[in-house]
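Let's walk through this model together. Please have a look at the sequence and the 3D view before reading on.

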Amino acid sequence: MGPIMKFLIVLAVIVLAFILFNLRIVPQGHEYVIEFLGKYSKTWSAGVHFKLPFFEKVAKRLTLMEQLLDAPPQPVITMDNVTMQIDSVVYFRIFDAKLYAYGAVNPIMALENLTATTLRNIVGELDLDGTLTSRDVINAKMTEIIDKATDEWGIRVTRVELKNIMPPKEIRDAMEKQMKAERERRETLLQAEGHKAAVITRAEGEKQAAILAAEGERDARIARAEGEAKALLLQRQAEADGLRALVAANPNEAVLELKRYEAMMKLADGQAAKVIIPTDIVESVKKNVVFSETSGLGSVTEQGSHPEPEPKPDPCCDDKAEEN
């Protein structure tokens, strides 16, 4: 191998080492800011790039992924002069590498201070209760204000969250007592409502039971009345059928007189009842031999017409009475 060949090999190795030394691989989600002789030249995105030696340099290596800034607790004074400690977290990402590299000397520190001042301004317009109950409102306002202010730094603020709100110990003790009193009030109210509901339910049950009992009594009375009416109707129908049968049989005078007598006996069936029989009825009954033999009314009347015999005087007793 001649000296020329050796020189070429050495030269090739030097050139290859030079190329490899100036190759740059930008990972996914990152960007490099390149300066040419101290001036911004271009921005490398993900991929393989070649840097001119001695003329170009990588000024900033930036990540485009979302980042988290955890700000330390800040003393904040509310509108009603209550000092509390509030810490927040800021989620952001870089959307312009050039603006981020040349917009501010220290963009992260600038973002942290901007977050603290914005938080003080917003909470200073609220009272203690408003601060404790308006986290969503505070988060939305801070996100809007900070995102608008950081556009010049190439930073996009996606959201801001209040991580913790720490009032003074005296305020926390008072809040705990208030919460305890509120819980006791709710418990008393729930017990009263439960007792009220139980009384109402019991009263409704008694009312329903009374209604059902009244309806049952009404139905029973209706059923009894319907039964009595039906029995009376059947009785009247039976009497009507008997009368029709009697008329159809064409009875003689004796049978008619017997039926009249039976009707009189039914009228006399009761306490303190008096029946006055007309004379013509009695005479007609007496004339009818069949009716007299059947009922015995003629013999009774006949016996009743003879006067009772007078008692005979006793000689023994009468003589003694005269002597005395």
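Does Asp 87 count as buried or exposed, and what is its relative accessibility? In this predicted model, Asp 87 has a relative accessibility of 10%, so it counts as buried, the cut-off being under 20%. You will find Asp 87 in strand S8, which covers residues 83–94. Its surroundings are worth a look: beyond its neighbours within four places in sequence, Asp 87 is in contact with Ala 71, Pro 72 and Pro 73, and also with Leu 162, Lys 163 and Asn 164. With Asn 164 there is a particular link, as the side chain of Asp 87 reaches the backbone nitrogen of Asn 164 at 3.0 Å.

Now turn to a sheet earlier in the chain. It is an open sheet of three strands, ordered S3-S2-S5, with antiparallel pairing. Strand S3 (39–44) and strand S5 (56–63) each have a single partner strand and stand at the edges, so one side of each has no neighbour in the sheet. On average, neighbouring strands here are turned by 25° against each other, direction ignored. Between S2, residues 30–36, and S3, the antiparallel pairing runs over five bridges. To see one of these, start at Val 33 and look across to its bridge partner in S3, Thr 43.

Finally, a word on confidence. The protein chain has an average pLDDT of 79, and 76% of the residues score at least 70. Over residues 294–307 pLDDT stays under 50, and the model has six contacts beyond four places in sequence for them. Residues 316–324 also stay under 50, with one such contact. Where pLDDT is low, the predicted coordinates should not be read in detail.

How values were computed
Residues numbered from 1 in each chain as written. Predicted model: local features only at pLDDT ≥ 70, side-chain atom pairs only at ≥ 80, totals over all residues. Heavy atoms only, no water. pLDDT = per-residue confidence, 0-100. Contact = heavy atoms within 4.5 Å. Pairing = 2+ DSSP bridges. Helix = DSSP H or I, 4+ residues; strand = E, 2+ residues; numbered from the N terminus. Axes fitted to C-alpha atoms, helices over the stretch in contact; angles between N-to-C directions. Buried < 20%, exposed > 50% of the residue type's maximum accessible area, 1.4 Å probe, protein only. Polar contact = N/O pair within 3.5 Å; in protein donor to acceptor, adjacent residues only side chain to side chain.
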